[in-house]
Amino acid sequence: MANFTMRWANRSQSTQDWMIDIPDAFTLPPDWVREADLIINTDHTFQIAVTTNGGFAAANLTYHSGANNWTLHSNTPNEWRLSQGNGYVTVACLLNNVRFSNIAYTASRAVAETAKGKGGYPAYQLYEDNTETTYCSSRKVKSHAEGAEWIRACLAAHEGTSCHGKPWISDDQEGVIWP
């Protein structure tokens, strides 16, 4: 059996209505997180739908018990972010209110699995600061210690900021690449 703290996070400027297939429905104001402890011992997929004023995004979050990892799949990958580590699994939705005259879709890679735990290195080191800016290392770090050293240097280079939440690692770069 695996124990996780599941977190659903609104990382937009709009109020979001969430529905998870449990069934579970709730509203998250901007920059709010809802969390719950989860014990899971088999493969399982959570179907997630989020709406805002004029916007809709949906995704499937799947736990693979054999590999002990999570994947997130969506037709709108730019609206989602998956991070995991230290027993936390966070699904963040970036969906804002839609202004139809400003809709612009671009092609991008699908959201990649994030690396998990000690076996995830080498990987890119990421963290979000207190201004909601995500920083990412310019190269893959080889260990937790090397990632922590990179975070200290990045914080020192960006005076007045602090780490907001737990840092994470990923196979893909996102956010502000530093240095």
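These are my notebook entries on a predicted model.

**Entry 1: the sheet**

I started with the strands. I found an open sheet of 5 strands, in the order β3-β2-β5-β6-β7, with antiparallel pairing. Which strands are at the edges? They are β3 (24-28) and β7 (69-73), and each pairs on one side only. I also looked up the twist, which averages 20 degrees from one strand to the next.

**Entry 2: β5, β6 and β7**

Next I went along the sheet from β5. Strand β5 covers residues 44-52, and strand β6 covers residues 55-64. How many bridges join β5 to β6? I noted 9, and the two strands run antiparallel. I picked out one pair here: Ala49 has Ala58 in β6 as its bridge partner.

Then I moved on to β6 and β7. These two run antiparallel as well, joined by 5 bridges. In this pairing, Thr62 stands opposite Thr71 in β7. β6 and β7 form a hairpin, with 4 residues between them. I checked the turn and found Asn68 there, with a positive phi of about 55 degrees.

Is β7 mostly buried or exposed? It is an edge strand of the sheet, yet 4 of its 5 residues are buried, so β7 is largely enclosed by the rest of the structure.

**Entry 3: the nonpolar cores**

I looked for nonpolar residues that sit together. In soluble globular proteins, nonpolar side chains tend to be buried together. The largest nonpolar core in this model has 25 residues. Which of them have the most contacts inside it? They are Trp8, Trp18, Ile48, Leu61, Trp70 and Trp80. A second core is separate and has 5 residues, including Tyr127, Tyr135, Trp150 and Cys154.

I matched some of these to strands from Entry 2. Ile48 falls within β5 (44-52), and Leu61 falls within β6 (55-64). Trp70 falls within β7 (69-73).

**Entry 4: backbone exceptions**

Most residues other than glycine have a negative phi, and most peptide bonds are trans. I went looking for exceptions.

Asp31 is one: its phi is positive, about 65 degrees, although it is not a glycine. I found Asp31 in the loop between β3 and β4 (33-40). It is partly exposed, with a relative accessible area of 31%.

Asn86 is another non-glycine residue with a positive phi, here about 55 degrees. Asn86 lies in the loop between β8 (80-85) and β9. Is Asn86 buried or exposed? It counts as exposed, at 63% relative accessibility.

Then I checked peptide bonds. The bond from Tyr121 to Pro122 is cis, with omega near 0 degrees. Pro122 sits in the loop between β9 (88-93) and β10 (124-128). Trp178 and Pro179 are also joined by a cis peptide bond, with omega about -5 degrees. Pro179 is in the segment after β13 (176-178).

**Entry 5: the cysteines**

Last, I asked how many disulfides there are. The count is 0. Why is Cys136 not bonded? The closest cysteine sulfur, in Cys154, is 9.8 Å from the sulfur of Cys136, which is too far for a bond. The cut-off I used is 2.5 Å. Cys163 is in no disulfide either, and its nearest cysteine sulfur, that of Cys154, is 9.6 Å away.

I compared their surroundings. Cys136 counts as buried, at 0% relative accessibility. Cys163 is partly exposed, with a relative accessible area of 30%.

Note on methods:
Residues are numbered from 1 along each chain as its sequence is written. This is a predicted model: local features need pLDDT of at least 70, side-chain atom pairs count only at pLDDT 80 or more; totals for chains, interfaces and linings use all residues. Side-chain values use heavy atoms; hydrogens and water are left out. Two strands pair if DSSP finds at least two bridges between them. Axes are lines fitted to C-alpha atoms, for helices over the stretch in contact, and angles run from 0 to 180 degrees between N-to-C directions. A nonpolar core is a set of buried Ala, Val, Leu, Ile, Met, Phe, Trp, Tyr and Cys residues joined through side-chain atoms within 4.5 Å. Buried means under 20% relative accessible area, exposed over 50%, partly exposed in between (1.4 Å probe, protein chains only).
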